[in-house]
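Biologist: Could you take me through one small part of this model in detail, and then show me what surrounds it? I am new to this, so please explain the terms as you go.

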Amino acid sequence: MSVFYLIFVVVFDRGGEDHVAFLLTGLVVWKWFAASIPQCANCISVNVGLIRQVYIPKYVFPAMVVTNSTMKFLIVFVLLLLFLIFTGKSPSVVWFALPVLMGLQLLVMLAIGSVLSAIVPFVPDLKLLIDNGMTLLFFMSGIFFDISSASPELKTYLYLNPMAGIIDNYRAVLLDGVWPDWPLLGTVFSVSLPGLALGWYLLRRFDRTFIKVI
Amino acid sequence: MTRTGNGRQLAISIENIAVAYQRRAGFFRKEKFWALKDVSFDVYHGETLGIIGRNGVGKSTLLRLLAGLMSPDKGRVVNHGVSATLLSLQVGFVQHLTGRENAILSGMMLGLSQNEIVAQMDNIRGYADIGEFFDQPVHGYSSGMQARLGFSVAIHADPDVVLLDEVLGVGDALFREKSSNAIKDLVRSEKSVILVSHQPAMHRQMCDRLVWIEGGVVQDAGEVKTVLDKYQQYHK
């Protein structure tokens, strides 16, 4: 975290007064996502010992990973809120939108995580791709730059990444004190829901088949 | 004790099952390898059924099917309302939790409720016989101690059908005798036990009935002595 600060605030001298808060908000939210997805992808092969001994419905594993990272996130998020209040942001009524944002992010992570957890045991090489993909997404999610300041056509592509929109909206709520972009969040929601359904279906479909490939 | 199992209540039936594994046959090509081709047999309440066969004939696959961990590619496994568990030595121990906590965790995964385990905790502790270590984190255990704890929990989990995959090689001589006695008790009890091994001596000692698997099919099944004689004849 301090490395990011050093590079972007001190070296590049890009820090406005809000830059630390801007960076922190992006990073905390991203960290939640980044702690969930690669682990979800691995979760079935990691628990191979258990799966070979007792029957456990396989959707338990991604759910476990996400619950775990959510607990950690909640603690860090409270610290972030304290930091924001301490540095002069006052809680406003729009903060009530935060649980909605968190719920949405949870849904996105469960959707992506469950689909990946069901596919990766059959295609183990995907793990590499996912790790690199996470790095790529990290740079494309607007964690240390403001996506809304990008050119319009570029913006359309960047917003295809659900995390970009979500991070953007956390900032809108926390830093600018405005309500989130509901239509955008609605779109993310309506794409994630079928994703979660697909993940659920795959995990059920291959419930007793995973044991053969791990 | 009836030796055939006829006239008894069915516990699990295996009907014409076949299981294939993917095998890499080239750079991109994969082929199916049929570990089990056509296997059928019944398991009755209270009997001890032996499964014999050489390495790689699908004995472990069969146990996984019976335990409901795997679904067959053809045929079906009919469970007549029993719980079947692999008697294992450590079901998902979490290394930084204590033996007591792990006993609860692993007992719950074996299908007990938390209260049931807590009620039996003294027995589990006494049986594992690892002294003060019971309330220490598991990562400080020797492998023998982990096995003792695991075995103790598994024995107390009390499933209807116990699936045994040639264990008994755990712990020191004293504990080995204890565990082998526990298994003999299981065998004598009203539980069904399925014993997988390639040691004829063990089957002769414990089983009521024997199923011999060879080449993915049931080569022979029935009275232990008859089947064993044929098995040994075949592998001479």
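**A loop and its surroundings in chain B**

Modeller: B:Asp158 lies in the loop between H4 and strand E6 (161–165) of chain B. Helices (H or I, at least four residues) and strands (E, at least two) are DSSP runs, numbered from the N terminus. Before we go on, residues are counted from 1 along each chain as its sequence is written, while chains are lettered from A and ligands numbered from 1 in the order in which they are written. The model is predicted, so local features need pLDDT of at least 70 and side-chain atom pairs count only at pLDDT 80 or more, whereas totals for chains, interfaces and linings use all residues.

What catches the eye at B:Asp158 is its backbone: phi is positive, about 60 degrees, although this residue is not a glycine. Most residues other than glycine have a negative phi. B:Asp158 counts as partly exposed because it has 18 C-beta neighbours inside 10 Å. Here, a residue is buried if 20 or more other C-beta atoms lie within 10 Å of its own, exposed if 12 or fewer, and partly exposed in between, with C-beta atoms placed from the backbone.

Now step back along the chain, to the loop between helix H3 (114–128) and helix H4 (143–157) of chain B, where you will find B:Phe134. B:Phe134 is buried, because 21 other C-beta atoms lie within 10 Å. Leaving out residues up to four places away in sequence, B:Phe134 touches B:Gly99, B:Arg100, B:Arg125 and B:Ala128; touching, or contact, is when the C-beta atoms of two residues lie within 7 Å. B:Thr98 is 36 residues from B:Phe134 along the chain, yet their C-alpha atoms are separated by 6.7 Å.

H3(B) deserves a look too. H3(B) has a kink of about 55 degrees, centred on B:Gln120; the bend is the angle between axes fitted to the seven residues ending there and the seven starting there. B:Gln120 is also one of the buried residues of H3(B), alongside B:Ile117, B:Ile124, B:Tyr127 and B:Ala128. These buried residues pack against helix H2 (99–109) and H4 of chain B. After H3(B) comes B:Asp129, with a positive phi near 55 degrees.

How does chain B look as a whole? An automatic or database domain assignment sets the bounds, giving domain 1 (10–83 + 192–234) and domain 2 (86–159) of chain B. Their C-alpha centres lie 29 Å apart.

The largest nonpolar core has 106 residues, and B:Leu66, B:Leu163, B:Leu164 and B:Ile194 touch the most other members. Such a core is a set of buried Ala, Val, Leu, Ile, Met, Phe, Trp, Tyr and Cys residues joined through C-beta atoms within 7 Å. Helix H2 (residues 19–46) of chain A gives the largest share, 11 residues. Both domain 1 and domain 2 of chain B contribute to this core, so it lies between them. As for B:Ile194, its contacts, again not counting residues up to four places away in sequence, include B:Val161, B:Leu163 and B:Leu164.

Finally, here is another residue to set beside B:Asp158: B:Asn16, in strand E1 (residues 10–24) of chain B. B:Asn16 has a positive phi of about 45 degrees, although it is not a glycine. B:Asn16 is exposed, because it has 12 other C-beta atoms within 10 Å.
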